[in-house]
Amino acid sequence: MIEVSGLVKQITDGYSHKCILDKLDFHLGEQQSVAIGGDSGSGKSTLLHILAALDNADKGVVKVAGLTLNSMSETQADQFRKKHLGIVFQQFNLIDCLSVWDNITFPARLNGLSIGTYHNDLLEQLGLSSHKHKLPVNLSGGEQQRVAIARALSHQPSLVLADEPTGNLDDNNSQNVSELLFGLCKKLGLTLVVVTHSPKVAAFADTRLLLQQGRLLNTPNQTSNFVSA
Amino acid sequence: MAPLLKLIWASYQHNTLRLALVFIALVTACAGLSAVLVINSAAKNSYASASQPFLQQVEQRIIARSGHALSKEDFASLRRLGFSQLIPVLRTSQHIVHPITGGSLQISLLGIDTFSVINYSASNGLKLEQNSSEAVSDELGQLWRPPYASVIHPDFATELNLISGQILPLENTPLLPKLTVTKINGLGREIVMDIGQLQQVLGTDKISELLVVGETNDVSTSELRTALPDHLRLENINTGEQAQQLTGSFHLNLLAMACLMFVVCMFVVMNALHLLIMKRWQNLRILRQLGVSRKQIYWAQGAELVFISLLCAPLGAISGIFLAQLASPQVSLTLQSLFDVRISYTQVAYVTLIAQCFAACILGAFSAAILPMWQLNSKLALRNLNVTVNTSHRSWLYACIVLGCVALGLGFYSINMLMSFSAIAMSIFAGCSLLIYALPKSLNTLFHCLPEQWVLFRWLAADGVRLSQKSKIACCAFFIALTSNIGMNLMVDSFRQATQQWLGQRLVADQYISTQSPKVFTQWLATQDIDMQVIERKGLDAVLLNKPVSKPQHRTTLELRSYPSSNLYQEAMLFADQQEDVWQIFTSGQGVLVNQQLALRHGLTLGETLSFQVESAQPETKQIVGIYYDYGNQSAQALLPLEHFAKYNANTTLFALHFVSKQQQNLFVNQLASASISNQVRSIQTHELMALSMQTFERTFVITDGLNIVTLLVAALSLATSVLMIDMDNRPQRALLRSMGVGNYQMTGLSLIQYTLLSLLAFLVALPFGIGLTWLLINLINVQAFSWSYPILITPSKLFSAGVMSVMLIVIVVALPLYRLSRRKLVEDIKCLSF
């Protein structure tokens, strides 16, 4: 599902160059889940941006679902995100003017998919049936993140990216949301990439990767114990 | 306080747009207001000086009746009878050759008997304008003592590019006395010299009028009137006060538009302050948590407003003076063509004007700050975090109903302009309330009506609800500007149509002749072999006796005019109200037709009687059988059959000529042009008269149109800017959609549709209120200011173009910022999602 080889990303600050990602190589198969850890500034967010086709790599090749992201035009990148990607944010980022149901079905409708049993089941599995017509502002943090998960899965994307999905939640909610996110992705056969500082969340993943100063300290085959470097 | 002010200063770096909006709104408001103040004050000074050259206390003058002349002998015989308070004056308009450009310039020349002025002022203490008597006596002395001089006011000299020492030649070679630029306050837009010098230059011994100086009373007026020979008459002079009253409505219109512009700008200021405070709110909350009191925060905000006002007031005043100078030729032309009064621009009292602007700024800015401050106050009360703001939209609907009822009540029972303007204000505020209620409601309805598959449009409608709530003050400003734009446009359009129809119907003759020498013209006409019909129109002034008054100067002068009763002229008459047998009673001499101005001013209706008296003749009473439209005429007028004027020594005011063919008309025009009497008559063809009338009409509304468009532009700018700012604050929501694969151009398109929708909804709400405003303007303001009304004409194409203009304005204003937003890299936007 994801093939990354020789990925280099630099930023220029005046005359100096800083390497955010330094010759990254890894490969992830379909229906796998991976947790990526690392200190602040280690390049986790930049890697997510590149995987979401929000940013371009300076060198190397990035392929997702058979599509080479480097050579994509802006319109193609928009289409890629619309069709193949689901994103779960740390701060939920729900559309505040739409109801829970409208939020959840939004990506599916954007892709012209019909709304039906799948979405109702999703709502039920995430325990949101009673909140269907509420606005996000009337939900708790845990509930909002569950809506965000449902929205990310709404159009059955090839890849789900989650950036600190439990960063704003307490332990109980964190555990609950992690179970749902990893469980549903596995059940639906989706590839999941989660960036997290939490070993508890990372424990749910099939694979754990650790980034330090733009380099991977291990490969998917050498699963890290996910202790921050 | 200092750290607080420092924080406010530092926050400007991140709030440039909001701050700029406050500045633009305050400067525009001050500019509009000060421009109108400058124009009105200049006009006021001009009226006073133009009507009473050098002299005060001149209320009457003696002039010759039509067809007669006032001579030196008349003046001498009146002086011999003991009337020493008479000062001869000769007024004329001549073409001069400009000494620098060589071009021809038409200019008013005023010859005054300076010797009489000085003698009379010395013996009777006559006041000579605002200068001291001695100083002006010296100034006037140079007019009649050799070497003779002619004087001109510095402002007028600058306008005409003339300087002291020049000798101006008239087109037919005689030279005027050497020009002296001098600042006698009484000087207006003319060149003044001694009457003897002017008579010598023109080769005439004519006198235009005799000014009656000094105090007058009933006894002296009666004595003078009795002593006058038959060919002379005494009349009240068109004093500055009268000119002010005459043009009062024009100035009131200007002031009303400027006030409207000021109110709209204050809404813009309110909106900008609201946005500014919203942006500062987080920092202010931290300050409160650090122990800064609410009072300190208010003082700091107040100091900021005073500082901004201090900067904006002079800028606005200077812009206003510049605007007034730009508009001055237009204003002069309008007033000259409408009311035959000229205005010149005297020096502006800068300090007073800036002080007035500063006071207006402070008053406006602090009034505009009340609502944002009130909201801030509830937010800053840290212990009372559960304060709930009443977000019920229904309260706005109730407010709309209550305000609407008040507006209706005020309009229905309006007895003066203040009540009428209050009715307009109330109806506009009712509209604002309805807009605040209707915008989210209609967008919400739209959201529910849209099919679920149209997910982006549904988002657009739902997001629009949020936008409309945050930008409601800006929406109100836009609504007010839009309503006034629709109202003014419809009013002007209705008036234009009514005037065109009225002119088209009333001007049935092919050509009109006006002359001071009707006998000369009729004698000449008798020698011509042209197939035509001549209709003589007679006229004289009478005193209206319907309303008894204690003082003679307070009597209403009534213009009596003859009107033909042939079928052609019967059909040409456009009645506002008439009796069935109007022409039968009119031709019998029992009935009178009165103009709408007379009827409305004196509350006269059909069937009532009109009593009037012509000079010392017996009073007459006639039945009012018709009330006719008479646009543009400020005077009370009544029409009677021509035969009625036989018993009076009435002047011929006009000849209406009907030709049997166009060839005959051309023949007449050619023969008149080559005749020796051509300089004694003014001839105008009907199509030229119509064109001239419509030109004057259009000119009247140019300035108000200009203010109207500026107001709309400022309001559109405010709405667009605030929506854009709210959008910028709402970047995460838009970035979220981008992260889901919504394309860049799609987002820009959605934004454009959203703004179009907002402006379209504002227009739809403004539409009925604009039409209502037109009704109020025509039936209340017009009637109270001008004493005439006309039917409302709703032209769908006009309304459509107003709608398109409002939408286009918004789209044009947001196009560039939207384009810039769309160029921003997605990765920059996505960071605000903490991704």
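The exercises below concern chain A and its contact with chain B in a predicted model.

**Exercise 1.** Determine whether the radius of gyration of chain A agrees with that of a compact globule.

Solution. Start from the chain length, which is 229 residues. For that number, a compact globule would have a radius of gyration near 17 Å. Chain A has 17 Å, so the value agrees. As further description, the C-alpha trace spans about 55 × 40 × 35 Å along its principal axes, and 49% of the residues of chain A count as buried. Among contacts in chain A with a separation of 6 or more, 68% join residues 24 or more positions apart.

**Exercise 2.** Describe the open sheet of 6 strands in chain A, and place A:I36 in its pairing.

Solution. Begin with the inventory: chain A holds 7 helices and 10 strands. The open sheet has the strand order 6-7-8-3-9-10, with mixed pairing. Its edges are strand 6 (85–88) and strand 10 (215–216), each of which pairs on one side only. Next take strand 3 (residues 33–38) and strand 8 (residues 191–195) of chain A, which run parallel and are joined by 4 bridges. Finally, A:I36 has A:V195 in strand 8 as its bridge partner.

**Exercise 3.** Characterise the side of chain B that touches chain A by element and by residue class.

Solution. The contact involves 23 residues of chain B and 25 residues of chain A. On the chain B side, helix 14 (455–470), helix 23 (731–739) and helix 26 (826–830) are the elements that give two or more residues. Helix 14 of chain B gives the most, with 6 residues. By class, this side has 13 nonpolar, 7 polar and 3 charged residues.

Notes. Residues numbered from 1 in each chain as written. Chains lettered and ligands numbered in written order. Predicted model: local features only at pLDDT ≥ 70, side-chain atom pairs only at ≥ 80, totals over all residues. Contact = placed C-beta atoms within 7 Å. Nonpolar A, V, L, I, M, F, W, Y, C, P; charged D, E, K, R; others polar. Pairing = 2+ DSSP bridges. Rg over C-alpha atoms; globule rule 2.2 N^0.38 Å. Buried ≥ 20, exposed ≤ 12 C-beta atoms within 10 Å, placed from the backbone.
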